[in-house]
Amino acid sequence: MKGSVRCESVDMAGLTRAEKHGKREDWIGRQRQVRDQKPLYVGGLDLVALYIEHTDGARQNKGAKKPVLHFIVRFPPEVLTDEGPTPYAKRDRAGREKLMVRQAVKFINENHGGQAVFSARLDRDEVGETIVDVFACPRYMKPSRSGRREPTLWTSATKFGEELARKHQDHIKTRMTGAETVKPITSPRAVGMALQQEFAEFFERENGMKLAPRNLKDSRAKDRLEVEEWRLKQIQAEARMVEEKRDKKLAEAWSEVERARKEVRALRRQLLNLIDQARTLLNRPDLSKPARMAGNTLMNLARPFASKKKESGVRSMIERMVNEPHHVRPLPEVARPEADGPSL
């Protein structure tokens, strides 16, 4: 079973965009919908109002440009099946979804001071059915330097992440080859590694089952597709299938056109034989007037062949021969190509 957690810091503009996305008021949100089902959430969907209420009365570093943490907690797909861990397997679908949200909130709070999350949401109308979006602004009581004043409430988007990174320094330095430093590595990438380690431990502790270890990589290049990228890949694959079907139909249409051309050429040969017969008939001295009129009619109708016009003109002439009344004996039935090729 594979699971992961990812975190990004967002400013108020980003939080507003996330709110619109959760309410499906943006283009991307509407495009990602694959079923009509309401989200399962904790706190609510009004993220900006929830953040303001959550941080009311708390102090914040004036230099904090991105005070909100957006966590994307991806649970293993197995948690929605009977083959999942026992806490999930013994529940129905709704119970499994609720447990995912509760565990995601519990995990973030446990690792960020206990009072960090102000909203969490499981989008049940998207392809990714085991992804919980958690929005947090960690709060903590900060004692005064002198110890004479009462502790005050503060918020910080970096404090607890850096603490996690210090906790998992051995793993981080093993992963980050070439990082020769005696100081703890607390970069955003290091925090992400620490979060992943903590999530694996949390999942095993809560559910009694281990997550599959992640494939370690040397570079920082992305090795996992986000939902939008995955959906784009799907759309591109579907477009390729449509193109392949179109090309197949075009090939079949060209085959049909070539067959029709062969039939037209065969019909032309038949008509040229009739022209020769008509000429012989018109040269007879004892030819009656009705027979001469019939021969002239046939010659007029066959003139496009005699002048070797394009096949479009030939088709038109064939249709005239079939549809217009005249005083000659009907020609033998010959398969006639359609005026247009098959529709694509």
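This text walks through strand pairing, aromatic pairs and charges over rings in one structure. The model is predicted.

Start with the strands. Strand β8 covers residues 152-155 and pairs with strand β3, residues 59-60. The two run in the parallel sense, and two bridges join them. Look at Q60 to find one contact: its bridge partner in β8 is T155. Strand β8 also pairs with strand β7, residues 139-142. Here the sense is antiparallel, and four bridges make the connection. Within this pairing, M141 stands opposite L153 of β8. So β8 has β3 as a parallel partner and β7 as an antiparallel one, with pairing resting on at least two bridges between strands.

Now turn to the rings. How many aromatic pairs does a search of the whole structure find? The count is seven. One of them joins F107 and F199. Their centres are 5.3 Å apart, and the planes meet at 70°. That makes the pair edge-to-face. F107 belongs to helix α5, residues 93-110, while F199 belongs to helix α8, residues 188-207. The pair therefore ties together parts that lie 92 residues apart in sequence. Are these two residues buried or exposed? F107 has a relative accessible area of 1%, so it counts as buried. F199 is buried as well, because its value is 0%.

A second pair to inspect is Y140 with F160. The ring centres lie 6.0 Å apart and the planes stand at 85°, so this pair is edge-to-face. It also links distant parts of the chain: Y140 sits in strand β7, F160 in helix α6, residues 159-167. The separation is 20 residues. Y140 has a relative accessible area of 17% and is therefore buried. F160 is buried too, at 10%. The cut-off that decides both cases is under 20%.

Return to F107 and F199 for the wider setting. Ring pairs link them with F75, F202 and F203 into a cluster.

Finally, look at the charges over rings. K142 places its charged end over the ring of W154, 4.3 Å from the ring centre. K142 falls within the span of β7, residues 139-142, and W154 within that of β8, residues 152-155. These are the strands that four antiparallel bridges join. K159 offers another case. It lies over the face of F160, at 5.4 Å from the ring centre. F160 is thus a ring with two contacts to follow: Y140 as its edge-to-face partner, and K159 over its face.

Terms used
Residues numbered from 1 in each chain as written. Predicted model: local features only at pLDDT ≥ 70, side-chain atom pairs only at ≥ 80, totals over all residues. Heavy atoms only, no water. Phe/Tyr/Trp six-rings, centres within 6.5 Å; stacked < 30°, edge-to-face > 60°. Buried < 20%, exposed > 50% of the residue type's maximum accessible area, 1.4 Å probe, protein only. Lys NZ or Arg CZ within 6 Å of the ring centre and 35° of its normal.
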